[in-house]
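Subject: Structure for you to look at

Dear colleague,

I am handing over the structure we spoke about, and below it I have set down what was found. Please read the notes with the structure open beside them.

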Amino acid sequence: MKSPQIVIDTSAFISALLSQRGAAYKLLMLADQGIFEINVSVSLIAEYEDVAKRLLEKSPLNESDIDDILDYVCMIANRRRIFFLACPFLREPR
């Protein structure tokens, strides 16, 4: 049977970085166990990095730790390409 495919929301990812007590941390710690597969995109990793590094004062981690965690997530995750639909040109409301 194929493993469930998941995407970890940015708020859950940040929660896992800030505390070792919650479900988000446990989820991240199980990421390489084969229970499920994480899926990421370039934009999602960029969002993880941006938010995590903005919250460095609240985190027990330093910038290098965050880079290592992101590298690890990129290594174990399935990379997905996201295709955004072009927004139609709409007339300005009058």
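The side chain of Asn39 makes a polar contact with the side chain of Gln5, at a distance of 3.0 Å, and a further polar contact, of 3.4 Å, joins the side chain of Asn39 to that of Asn78. Please keep in mind that this is a predicted model, and that the distances quoted here are computed from it.

Asn39 lies in strand E2, and with a relative accessible area of 7% the residue counts as buried, because the cut-off for that is under 20%. If residues up to four places away in sequence are left aside, Asn39 touches Gln5, Ile6, Val7, Leu44, Asn78 and Arg80.

The setting of this residue is an open sheet of three strands, in the order E1-E2-E3 and with parallel pairing. Strand E1 (5-6) and strand E3 (78-79) are at the edges and have a single partner strand each, so that one side of each has no neighbour in the sheet. Strand E2, residues 37-40, runs parallel to E3 and is joined to E3 by two bridges. Asn78, already mentioned for its side-chain contact with Asn39, is also the bridge partner of Asn39 in E3.

The helices H3 and H4 are the next topic. H3 (42-54) and H4 (63-76) are linked by a loop that contains Ser59. The two helices pack with their axes 11 Å apart and at an angle of about 160°; since angles over 145 degrees count as roughly antiparallel, H3 and H4 are therefore roughly antiparallel to each other. Their crossing is right-handed. On the H3 side the residues that take part are Ile45, Tyr48, Glu49, Ala52 and Lys53, and these meet Glu63, Ile66, Asp67, Leu70, Val73 and Cys74 of H4.

Is Ser59, in the loop between these helices, buried or exposed? At 12% relative accessibility, Ser59 counts as buried. The side chain of Ser59 reaches the backbone nitrogen of Leu61 at 3.0 Å, and, with residues up to four places away in sequence not counted, Ser59 touches Leu17 and Leu18.

When you go through the model, I suggest that you begin with Asn39 and its side-chain contacts to Gln5 and Asn78, and then turn to Ser59 in the loop between H3 and H4.

With best wishes

How values were computed
Residues numbered from 1 in each chain as written. Predicted model: local features only at pLDDT ≥ 70, side-chain atom pairs only at ≥ 80, totals over all residues. Heavy atoms only, no water. Pairing = 2+ DSSP bridges. Helix = DSSP H or I, 4+ residues; strand = E, 2+ residues; numbered from the N terminus. Buried < 20%, exposed > 50% of the residue type's maximum accessible area, 1.4 Å probe, protein only. Polar contact = N/O pair within 3.5 Å; in protein donor to acceptor, adjacent residues only side chain to side chain. Contact = heavy atoms within 4.5 Å. Axes fitted to C-alpha atoms, helices over the stretch in contact; angles between N-to-C directions. Parallel < 35°, antiparallel > 145°, perpendicular 65-115°, else oblique. Left-handed = near helix turned anticlockwise from the far one by under 90°.
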